[in-house]
Amino acid sequence: MDATTSTCPEDDAKPLFRKGVDYEREGLHYEAMRCYKRALKLDPNVEKNIADEDLVSRFSSMDTTGDENTVSDECEDEYDNKEDLFLRFQRIMGPQICFPECTQSTTHFSDLPFELVLYIFRFVVSYNLDLRMLEQCAAVCRGWYLCARDPELWRRACSKFWPSNVKDIVQYNGSWRQMFIERPSVLTIGCYISKISYVRRGEESFVDNSNGRSFNVVYYRYLRFYSDGRVVKVQSDDHPSKVVPKLQTRESRIRAPYKVYPGHYRLSGKQLFVTLYSEVELPRGFHRQLGLDKNNQRKTTFNMVLEISKYKSKHNWKLRCTDYEIIYKNSVNKVMVTKYDLSNNRLPPFIFSRVKCYGDELHVL
């Protein structure tokens, strides 16, 4: 070979690697892998060298450009309302996630592979589906915005709630994120709270019946939903600041004097079907009087149908009870059903309240 045409292996590796990047953007993953393997065989540090060259060229262009070039760059980078922000950032950033502000001797976050970054973001979401925290990560920089908008993260979140109906993505413009936000669902990074308040008259006086005592009764109902289909209802007169932190994990730490009703839920369109249970231990010898088994307990089942709606323009923040019934056994061991008329909206709705401590546990999505 002629000496004038011979090149260094490191110089041949860079064009091959860049060609592989172009193939990957076009969706030709097989051809891209072939170029990557050939480039890494010629120079194992080709990816780092290309990243360093791009970083130096960016900083040098920022230092040497004058006012005229700055104006032209701003015009070129001007946001177009018609262009999707995700596609625009992809065009600007390329394969690099982000760039260090200054030279570092340690490994920078931008050196991590894209697949590993997505795995870290899955821990951010966790099994509680804290997509709000994912949106906050998207505000860090353009690269993190691309990672937080990755369709795979939102697809996994959607499959948690609708495992058999994920094909409905078509009606949400093919966006998993839009489907998760707009489709009726329950929020698992907080607690739904309903405040009950009424006035109860006290014992009438024998002296003056016109000035009897009145009591203002206030108590709260809490609904805590989990992404695995379980739900816990708690009824207490304590302030939410005392009760809500105890519902952080699925293994509830709430005990007496609180009334705790575990159960499960099921989604169907805008309707949420909730089934709750309450078991009462019978006194000794009581099962003999009723003709029950020795280990039998009196179980009460509460069936609720809740309608999911908006609350102050916020999706899925309001739950209104449309149907409520109680199934129990009476004193002669006969199954009884009590159904309540809710046509006059007697029960106040549940309003969602986000709880920060619910996202503290790191569990992968």
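**Exercise 1. The surroundings of S185**

Task: Determine where S185 lies in this predicted model, and whether S185 is buried or exposed.

Solution. Step 1: S185 is found in the loop that runs between α10 and β1 (190–201). Step 2: The relative accessibility of S185 is 1%. Residues under 20% relative accessible area are classed as buried, and S185 therefore counts as buried. Step 3: Leaving aside residues up to four places away in sequence, S185 touches F161, W162, F180, Y192, L267, I308 and N316.

**Exercise 2. Two residues with positive phi**

Task: For S313 and N316, state the phi angle, the location and the exposure.

Solution. Step 1: Most residues other than glycine have a negative phi. S313, which is not a glycine, has a positive phi of about 65°. N316 is likewise not a glycine and has a positive phi of about 60°. Step 2: S313 sits in the loop between β6 (298–311) and β7 (314–329), whereas N316 lies in strand β7. Step 3: S313 has a relative accessible area of 64% and is exposed. N316, at 6% relative accessibility, counts as buried. Step 4: N316 is also one of the residues that S185 touches.

**Exercise 3. The buried side of α7**

Task: Identify which residues of helix α7 (residues 131–138) are buried, and explain why they lie on the same side of α7.

Solution. Step 1: The buried residues of α7 are L131, L134, C137 and A138. Step 2: Around the helix axis these residues cover an arc of only 105°, so they are on the same side of α7. Step 3: This agrees with the general geometry: an α-helix has 3.6 residues a turn, so residues three or four places apart point the same way. Step 4: The cover over these buried residues includes α6 (114–125), α8 (142–148), α9 (151–161) and α10 (176–182).

**Exercise 4. The packing of α7 and α9**

Task: Establish how α7 and α9 are oriented to each other and which residues meet.

Solution. Step 1: The two axes, those of α7 and α9, come within 12 Å and cross at roughly 170°. Step 2: Angles over 145 degrees count as roughly antiparallel, and α7 and α9 are therefore roughly antiparallel to each other. Step 3: From α7, L131, L134 and E135 meet L153, W154 and A157 of α9. Step 4: L131 and L134 are among the buried residues of α7.

**Exercise 5. The nonpolar cores**

Task: Describe the largest nonpolar core and name members of the second core.

Solution. Step 1: The largest nonpolar core has 49 residues, of which F180, Y192, F225, L272 and V274 touch the most other members. Step 2: α9 supplies the largest share of this core, with five residues. Step 3: A second core, separate from this one, has 13 residues, including V243, L247, Y258 and Y358. Step 4: In the largest core, F225 can be examined individually. Not counting residues up to four places away in sequence, F225 touches V186, L187, T188, Y192, R230, V231, Y265, L272, V274 and L319.

**Exercise 6. The N-terminal repeat**

Task: State which span UniProt assigns to the TPR repeat, and locate C8.

Solution. Step 1: An unreviewed UniProt entry places the feature "repeat: TPR" at residues 13–46. Step 2: This span is 82% helix and 0% strand, and its end C-alpha atoms lie 6 Å apart. Step 3: C8 belongs to the segment before α1 (9–25) and is partly exposed, with a relative accessible area of 35%. Step 4: C8 and D43 are 35 residues apart along the chain, and their C-alpha atoms are separated by 9.9 Å.

Definitions and conventions. Residues numbered from 1 in each chain as written. Predicted model: local features only at pLDDT ≥ 70, side-chain atom pairs only at ≥ 80, totals over all residues. Heavy atoms only, no water. UniProt positions renumbered as here; feature names shortened; annotations may be inferred. Helix = DSSP H or I, 4+ residues; strand = E, 2+ residues; numbered from the N terminus. Buried < 20%, exposed > 50% of the residue type's maximum accessible area, 1.4 Å probe, protein only. Arc of directions from axis to C-beta. Contact = heavy atoms within 4.5 Å. Core = buried A, V, L, I, M, F, W, Y, C linked by side-chain atoms within 4.5 Å. Axes fitted to C-alpha atoms, helices over the stretch in contact; angles between N-to-C directions. Parallel < 35°, antiparallel > 145°, perpendicular 65-115°, else oblique.
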